[in-house]
Amino acid sequence: MTNVEEVKKGLWDTERKLLHHLRAIRRRDRDIKPADLENQLTRGQKIADKVAATMGSWSFIIIQTTILFFWIVLNVTAYVREWDPYPFILLNLALSFQAAYAAPFIMMSQNRQQDIDRKEAENDYRINIKAELEIELLHEKIELLHQKIDQMREKEVVTLTEAVEELATQKQPPEEAGGTSK
């Protein structure tokens, strides 16, 4: 066996092992259900997701805008005794307090989502490698089929050529003796 053939065989064996490993991982990942992943979340992760989902919703924005609007209107019009006059220091304090507590929850949720996205990207990469290896194997099989078909055609051509030559020697017309007749 030549050095090139040994390298090809070594690569082919390595690719087969990798393909087998990727298939096993894919089978294992198919058995994992989304409900199982949801149950693996800690209490803090669940709270962070709920806070981020709530604060990122239109209902939260509308409710908060409504509250802020009424807060400002009630304090400017002095409908109720002014508990937070014009510079709205108490309102600023409340919004700063809300932002200070909301930011870590949102960051935790984003970090967890980033981990999920990273795992999905790794899974996509493994799937792409697997698909590439499967396609290479299919190409090799198709090439082998083409080679076998070519070999069969060559054998058929040789067989047919021999048969035609044999028929040609068996059915040669006898040469007419004495010249040509008109």
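Q: Which angles between two axes count as roughly perpendicular?
A: Angles of 65 to 115 degrees do. Keep that range in mind while looking at this structure, which is a predicted model.

Q: What is the chain built from, helices or strands?
A: It's helices: the chain has five of them and zero strands. Reading along the sequence, you get the pattern α-α-α-α-α.

Q: Why are α3 and α5 called roughly perpendicular to each other?
A: Their axes cross at roughly 115°. The range for roughly perpendicular is 65 to 115 degrees, so α3 and α5 get that label. Their axes come within 8 Å, and the crossing is left-handed.

Q: What makes up the contact of α3 with α5, by class?
A: Start with who meets whom. On the α3 side are Gln45, Ile47, Ala48, Asp49, Val51, Ala52 and Met55, and on the α5 side are Gln98, Ala102, Phe105, Ile106, Met108, Ser109 and Arg112. By class, that contact has nine nonpolar, three polar and two charged residues.

Q: How do you know that α4 and α5 are roughly antiparallel, not roughly parallel?
A: Check the angle again. The axes of α4 (residues 58–77) and α5 (residues 89–170) cross at roughly 160°. Anything over 145 counts as roughly antiparallel, so α4 and α5 land in that group. Their axes come within 11 Å, and α4 passes α5 in a right-handed crossing.

Q: Which residues of α4 and α5 meet?
A: Phe60, Gln64, Leu68, Trp71 and Ile72 in α4 meet Leu90, Leu91, Leu95 and Gln98 in α5. By class, this contact has seven nonpolar, two polar and no charged residues.

Q: What makes Arg112 and Asp49 a salt bridge?
A: Their side chains meet at 2.1 Å, N to O. The cut-off is within 4 Å, from a side-chain nitrogen of Lys or Arg to a carboxyl oxygen of Asp or Glu. An Arg and an Asp at 2.1 Å pass that test. As a bit of background, side chains of opposite charge can pair when their charged atoms come close.

Q: Why does this pair tie together separate parts of the chain?
A: Arg112 sits in helix α5 and Asp49 in helix α3 (residues 43–55), so the salt bridge links parts that are 63 residues apart in sequence.

Q: Why is Asp49 called buried?
A: Its relative accessible area is 19%. Buried means under 20%, so Asp49 makes the cut. Its partner Arg112 is buried too. Leaving out residues up to four places away in sequence, Asp49 touches Leu41, Ser109 and Arg112.

Q: What about Ser109: buried or exposed?
A: Ser109, found in helix α5, has 14% relative accessibility, so it counts as buried against the cut-off of under 20%. Not counting residues up to four places away in sequence, Ser109 touches Ala48, Asp49 and Ala52.

Q: How many salt bridges are there in the whole structure?
A: A search finds two. Besides Arg112 with Asp49, there's Asp115 with Arg118, where the side chains meet at 3.0 Å, N to O. That value also falls within the 4 Å cut-off.

Q: What separates Asp115 and Arg118 along the helix?
A: They're three residues apart in helix α5, which means about one helical turn between them.

Q: Why are Asp115 and Arg118 placed between buried and exposed?
A: Asp115 has 35% relative accessibility, and Arg118 has a relative accessible area of 42%. Buried would need under 20% and exposed over 50%, so Asp115 counts as partly exposed, and so does Arg118.

Q: What makes Phe88 stand out?
A: Phe88 has a positive phi of about 50° although it isn't a glycine. In general, most residues other than glycine have a negative phi. Phe88 lies in the loop between α4 and α5, and at 11% relative accessibility it counts as buried.

Q: How far apart are the C-alpha atoms of Glu136 and Glu15?
A: They're separated by 9.7 Å, although the two residues are 121 residues apart along the chain. Glu136 is found in helix α5, and its 28% relative accessibility makes it partly exposed.

Q: What share of the chain is buried?
A: Buried residues make up 11% of the 182 residues.

Technical notes:
Residues numbered from 1 in each chain as written. Predicted model: local features only at pLDDT ≥ 70, side-chain atom pairs only at ≥ 80, totals over all residues. Heavy atoms only, no water. Axes fitted to C-alpha atoms, helices over the stretch in contact; angles between N-to-C directions. Helix = DSSP H or I, 4+ residues; strand = E, 2+ residues; numbered from the N terminus. Parallel < 35°, antiparallel > 145°, perpendicular 65-115°, else oblique. Left-handed = near helix turned anticlockwise from the far one by under 90°. Contact = heavy atoms within 4.5 Å. Nonpolar A, V, L, I, M, F, W, Y, C, P; charged D, E, K, R; others polar. Buried < 20%, exposed > 50% of the residue type's maximum accessible area, 1.4 Å probe, protein only.
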